[in-house]
Structures are given as C-alpha cells and as structure tokens.
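I opened a notebook for this structure and wrote down each thing as I looked it up. The entries follow in the order of my questions.

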Amino acid sequence: MLNRFLDYLENKSPVIIYHRGYSSIAPENTISAFDLVLSNGGFAIEFDVRLSKDNEVIILHDKTINRTSSGSGKAIDMTYEELKKNDYGSWFSEKFRNEKIPLLSFLFYRYKNKFLYDIELKSETSMKSNKILCEKVLYEIKNFNLENNVLLTSFNRKILKILRNLDKNLTLGLLIDNKFQTYCLRNFVEKYLINAIILNINILDNNFLKKIGLNTKYLLAYTVNNKMDYEKCIKYNIKGIITDNPNKLL
C-alpha cells in the first residue's frame, strides 16, 4: 500500500508543507504553530526531533534552547522536566508566553491522522544516541498507527541507514543543503531505498537535477518563501513545497 504522504505527492502536488508549523505567525515547532496549520486549512507539517538528556523525543530544531526559549544550554544536557520549565513562545510574541516544548508523543496524541508528518531527525552526540532517537521515533509512529502518514528525513545518512535497517517499509527522505552533499548520492538512494529527496531551493536548477539523475524520486524543496522560488518549484515539478508562509505563496 502506497504511503499516504507519497500518494499526496504523486497525485495532489505540489503539496504545501508548513515549515516547523505555521512558523511565520507563531513560534516554530510549538503547539500553537501546529494548531494554526489546521485553522488555516493545512494538512502537512514539517518539524524537527531530537533527544533530551533522559531520552525523551522533543520537538526542537537547534541543539540548544537559546534562540527559541527563555532558557539556555544544550537540549541533550537537560531532562524533559528541566526543558519544559522554560518559555518557548515569548521570544516570538508576548501572546505566546508560556508555550512549552512539545514531545513527539503528545503531538501524535493531539493530531493523530489530521496531519501528514514530515519529521526531520537531527544528529545527536553519538551513534548510540542516534540509534536511540531512531528507535524511539519509530516506536511512537507505530504506537499511534501513523506509519502511513509519515516521511522521515535527515541530512545525516547514518540516521537514514539506521531507520532503514530498523524497518524496510519506512518512507525515508534525504535532505540536501548543498551540491557537495551529492557525493555517491545515487548509490546511497538505491541501496537504502530512499523514497524522497528534499533540496535546498537555492541549489535547484537544470544542471543539478541532471547531476543527481533521480527522475523517479519524489523531489521536495525548502524553504520556499517568495513567488520567484515558488514558480521555480512549479517549473521543475517539485512535488512538495516546504514554506514558512503558505498564504503568501498562494
């Protein structure tokens, strides 16, 4: 059975994917940002996961909480109880004061099948931590029966290898930020059955697409926030468009 995420990319493209929730009008990777996706009629979200000190799967982009909270320090050095004492909203706007850092399990519990989930797994401090992160993310996906709604992505090829070895049926995507990251790309994609390629919009052009030579793969682009980049995506038949502000594009 085709993954629901891939089905949308195939038949209803371009799929608009909200980058870290509706992050242009709410603090990124928070429940408020995800709630606003629903109220805006969206159905696909992108967000980042990593581990706390006590191996809880938290939704956070940076390694530290400095930029997006009232606290400071590396997330991996703090327990979830310590992390959630901080305010993750007022840096963006006072009306989001006391926003808490979400757990992946809570996100799935709250929204279930209401979303397609593009989940980026961030690299941790060791291969052991990366494996724990992969196992825990996979556990939560299966616990909520969301295998058909999820695309798991990473810049780190080792994380994608771990995921593929854990489950042959997962839908996986490789993130590419620059042209140097295409080294041995085709071999990796074929060996580990990578389903999608997610490109930085700034490296999307004819020459680059010829270089990667993956016409049968689902191509997505990030972060698309203006009309010129949106039109570039349409020109190159990009299946999924990751954006901070979909209303501005549409």
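**Entry 1: Gly71**

In which loop is Gly71 found? I placed Gly71 in the loop between strand S3 (57-59) and helix H3 (80-83). I note here that the model is a predicted one. Next I asked whether Gly71 is buried or exposed. Gly71 has a relative accessible area of 17%, and the limit for buried is under 20%, so Gly71 counts as buried. Leaving out residues up to four places away in sequence, I found that Gly71 touches Ile65, Asn66 and Asn86. I also looked up the distance from Gly71 to Thr171: the two are 100 residues apart in sequence, and their C-alpha atoms are 35 Å apart in space.

**Entry 2: Helix H2**

I turned to helix H2, which covers residues 31-39. Which residues of H2 are buried? My list is Ile31, Ser32, Ala33, Phe34 and Val37. I then looked up what the buried residues of H2 pack against. The partners are strand S1 (15-19), strand S2 (44-51), S3 and helix H4 (104-111). After H2 comes Gly41, and I wrote down its positive phi, near 85°.

**Entry 3: Arg20**

Where is the place of Arg20? I found Arg20 in the loop between S1 and H2. Arg20 has a relative accessibility of 13%, and since buried means under 20%, Arg20 counts as buried. Its side chain makes a polar contact of 3.2 Å with the side chain of Glu28. Not counting residues up to four places away in sequence, Arg20 touches Glu28, Asn29, Ala33, Phe34, Glu46, Phe47, Asp48, His61 and Arg67. Two of these names, Ala33 and Phe34, I had already listed as buried residues of H2.

**Entry 4: The cavity**

How many cavities of 30 Å³ or more does a search of the whole structure find? I recorded one. The space in the largest cavity is about 60 Å³. I copied out its lining: Glu28, Asn29, Thr30, Ile59, Leu60, His61, Thr68, Tyr88, Ile101 and Pro102. Sorted by class, the lining has five nonpolar residues, four polar and one charged. Among the lining residues are Glu28, Asn29 and His61, which I had met as contacts of Arg20.

**Entry 5: The nonpolar cores**

Which residues touch the most other members of the largest nonpolar core? This core has 60 residues, and the answer is Phe47, Val49, Tyr117, Ile119, Leu121 and Leu152. Helix H5 (residues 127-143) gives the largest share of this core, six residues. Apart from this core I found another, of 16 residues, with Leu9, Ile17, Leu175 and Ile242 among them. I then took Ile119 and set aside its neighbours within four places in sequence. Ile119 is in contact with Phe47, Val49, Leu104, Phe108, Val150, Leu151, Leu152 and Thr153.

**Entry 6: Glu120**

In which strand does Glu120 lie? I placed Glu120 in strand S4, residues 116-121. Its relative accessibility is 6%, under the 20% limit, so Glu120 counts as buried. The side chains of Glu120 and Lys122 are joined by a polar contact of 2.9 Å. With neighbours within four places in sequence left aside, Glu120 is in contact with Glu46, Phe47, Asp48, Val49, Thr153, Ser154, Phe155 and Leu175. Of these, Leu175 is on my list for the core of 16 residues, whereas Phe47 and Val49 are on my list for the core of 60.

**Entry 7: Backbone details**

Which peptide bond is cis, with omega near 0°? I found it from Ser13 to Pro14. Pro14 lies in the loop between helix H1 (4-11) and S1.

I then looked up positive phi values outside glycine. Asn55 has a phi of about 60° and is found in the loop between S2 and S3. Its relative accessibility is 26%, so I put Asn55 down as partly exposed. Leu193 has a positive phi of about 50° and is found in the loop between helix H7 (185-191) and strand S7 (196-200). With a relative accessible area of 46%, Leu193 is also partly exposed.

**Entry 8: Glu94**

Is Glu94 buried or exposed? Its relative accessible area is 53%, and exposed means over 50%, so Glu94 is exposed. I found Glu94 in the loop between H3 and H4. A polar contact of 2.7 Å joins its side chain to that of Arg97.

Terms used:
Residues are numbered from 1 along each chain as its sequence is written. This is a predicted model: local features need pLDDT of at least 70, side-chain atom pairs count only at pLDDT 80 or more; totals for chains, interfaces and linings use all residues. Side-chain values use heavy atoms; hydrogens and water are left out. Helices (H or I, at least four residues) and strands (E, at least two) are DSSP runs, numbered from the N terminus. Buried means under 20% relative accessible area, exposed over 50%, partly exposed in between (1.4 Å probe, protein chains only). Contact means heavy atoms within 4.5 Å. A nonpolar core is a set of buried Ala, Val, Leu, Ile, Met, Phe, Trp, Tyr and Cys residues joined through side-chain atoms within 4.5 Å. On a 1 Å grid over the protein atoms alone, a cavity is a set of points where a 1.4 Å probe fits but cannot get out, and a pocket is an open set with protein on both sides within 12 Å along at least five of seven lines; lining residues have an atom within 4 Å of a point. Grid points are joined across faces, edges and corners, and a volume is the space filled by probe spheres set on the points. Ala, Val, Leu, Ile, Met, Phe, Trp, Tyr, Cys and Pro count as nonpolar, Asp, Glu, Lys and Arg as charged, and the others, Gly among them, as polar. A polar contact is a pair of N or O atoms within 3.5 Å; within protein, one must be able to donate a hydrogen and the other to accept it, and residues adjacent in sequence count only if both atoms are side-chain atoms.
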